[in-house]
Amino acid sequence: MERIQIAAPDFDLAKTLDSGQVFHWEQAGGGFVGTIGDLAIYAEQSGGFLKASCRTLNLECKMHSGLEGLVSSYFALDHPLAEICASFPNDPTMDAAKTFCRGLRIIRQPKWECLATFICSSMKQVAHIRQISRKLRERFGEFREINDNRVYTFPSAETIAAGSEKELRECALGYRAKNLLATSRQVASGKIDLEQIGSLSDAALHARLRELPGVGAKVANCVMLFAYERLRAFPIDVWIERVLREAYFSRARKLNAGRLKAFTERYFGEHGGYAQQYLFHHARITGRRRSEKAGAARGVQNGRRCGVSLHDKGSRVK
DNA sequence: CTCCAGGGATGAT
DNA sequence: ATCATCCATGGA
């Protein structure tokens, strides 16, 4: 068993793994078990240290100068978090999120794993994405054991491409099965090279990702942020949209996706992806459904939101 | 532009 | 135990 300990003073492992950017780590024995590439890893934080262990080293590990390099790289311990946070805009909403999310990092995920997982994430909530990820791994991945925990690697594009839509549907993918299968076949055949497109500009990379079945604007931004280190990428889902609308557009009457996109790019800037992740995590953990408090009191029909949404019919004011 | 399938966990009644 | 809600892509 290989064990390492890394000084990580400005890092929060639990927040990082529970912030909706990665979906397969599970709590075990005071820490978390999961995989990094095809290695089973146990990770635990105590004091200002990150401890990690794995059974065997592999090629990927050696390329990262051992387990320490692999773990440091995956958890992005080299990101200058203080500088990143200092670059955020100063406003009450951002400040609250910044305080709440201290130590949360945007990790570096394997490209195919990230792309495939976010194709599965469409119209799903975090708990459900975790289920899908687990089923895909159990069915198509490779078994590993770590500290008496069973974990599975994420299946390669080739493995998924060799499967059928029916098999994927059995992993609770629903209509996403078709998209995942089609994209896996493009990756497996070499029609798209996920490593090569890493050299494209932000705009070109976004456009290229969107050509893949099941990849819309939001999923493309997630993949750019979590697998391609494009820290400006700003995925807008319903949570973020709600935060933006309430914090920065409370009196705006017409607001469409284009205006929101222009605003986030200008306002959050270079590390917009980090800002987005902090706003998202803060809202998701502390936000709670407004129906809990408002529901009957406000006379809202069945807890339906008061404010209009970009996705609600009737909200698009040209 | 508008409308809605899709599907399983989760929360409300 | 039933019923409504949550979600973002893609196609009609």
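These questions and answers walk through a predicted model of a protein with DNA strand B.

Q: How many of the eleven residues of helix α12 are buried?
A: Helix α12 spans residues 217-227 and is mostly covered. The buried residues include Val219, Cys222, Leu225 and Phe226. The count of buried residues in α12 is nine.

Q: Which helices are among those that cover the buried residues of α12?
A: The buried set of α12 runs through Val219, Ala220, Asn221, Cys222, Val223, Met224, Leu225, Phe226 and Ala227. What covers them includes three helices at residues 111-120, 202-210 and 272-286. These are α6, α11 and α15.

Q: Which residue with a positive phi follows α12?
A: Helix α12 covers residues 217-227. The residue in question follows α12 and has a phi near 55°. It is Glu229.

Q: Which residues touch the most other members of the largest nonpolar core, and what gives the most to this core?
A: The largest nonpolar core holds 67 residues. Trp112, Leu136, Leu180 and Tyr278 touch the most other members. Eight residues of this core come from one helix, which gives the most: α12.

Q: How many residues make up the second, separate core?
A: This core is separate from the largest one. Its members include Ala8, Ala52, Cys54 and Ile107. Its residue count is 23.

Q: Is Asp91 buried or exposed, and how far away is the nearest side chain of opposite charge?
A: Asp91 sits in the loop between α4 and α5. Asp91 is buried and has no salt bridge. A salt bridge needs a side-chain nitrogen of Lys or Arg within 4 Å of a carboxyl oxygen. The nearest side chain of opposite charge is that of Lys98, at 9.1 Å.

Q: Which side chain makes a polar contact of 2.7 Å with the side chain of Asp91?
A: Beyond its neighbours within four places in sequence, Asp91 is in contact with Tyr248 and Tyr267. The side chain of Asp91 also has a polar atom 2.8 Å from the backbone nitrogen of Met94. The side-chain partner at 2.7 Å is Tyr267.

Q: Why does Asp12 count as buried?
A: Asp12 lies in the loop between β1 and α1. Buried means under 20% relative accessible area. Asp12 counts as buried because its relative accessibility is 18%.

Q: Which backbone nitrogen lies 3.2 Å from a polar atom of the side chain of Asp12?
A: Setting aside residues up to four places away in sequence, Asp12 touches Gln45, Arg102, Gly103 and Leu104. The backbone nitrogen at 3.2 Å from its side chain belongs to Ala14.

Q: Why is Glu60 called partly exposed?
A: Glu60 belongs to helix α2. Outside its neighbours within four places in sequence, Glu60 is in contact with Ile36, Gly37, Asp38 and Leu70. Partly exposed runs between the buried limit of 20% and the exposed limit of 50%. Glu60 is partly exposed because its relative accessible area is 27%.

Q: What share of the atoms of DNA strand B within 4 Å of the protein belongs to sugar or phosphate?
A: Ten residues surround DNA strand B, and the closest include Met123, Gly174 and Tyr175. The atoms within 4 Å of the protein split between bases and sugar or phosphate. The sugar or phosphate share is 69%.

Q: Which side chain has an N or O atom 2.7 Å from a phosphate oxygen of DNA strand B?
A: Lys124 has a side-chain N or O atom 3.4 Å from a base nitrogen of DNA strand B. His128 has one 3.5 Å from a sugar or linking oxygen. The side chain at 2.7 Å from a phosphate oxygen is that of Arg169.

Conventions. Residues numbered from 1 in each chain as written. Chains lettered and ligands numbered in written order. Predicted model: local features only at pLDDT ≥ 70, side-chain atom pairs only at ≥ 80, totals over all residues. Heavy atoms only, no water. Buried < 20%, exposed > 50% of the residue type's maximum accessible area, 1.4 Å probe, protein only. Helix = DSSP H or I, 4+ residues; strand = E, 2+ residues; numbered from the N terminus. Contact = heavy atoms within 4.5 Å. Lys, Arg positive; Asp, Glu negative; His and termini not counted. Polar contact = N/O pair within 3.5 Å; in protein donor to acceptor, adjacent residues only side chain to side chain. Core = buried A, V, L, I, M, F, W, Y, C linked by side-chain atoms within 4.5 Å. Near = heavy atom within 4 Å.
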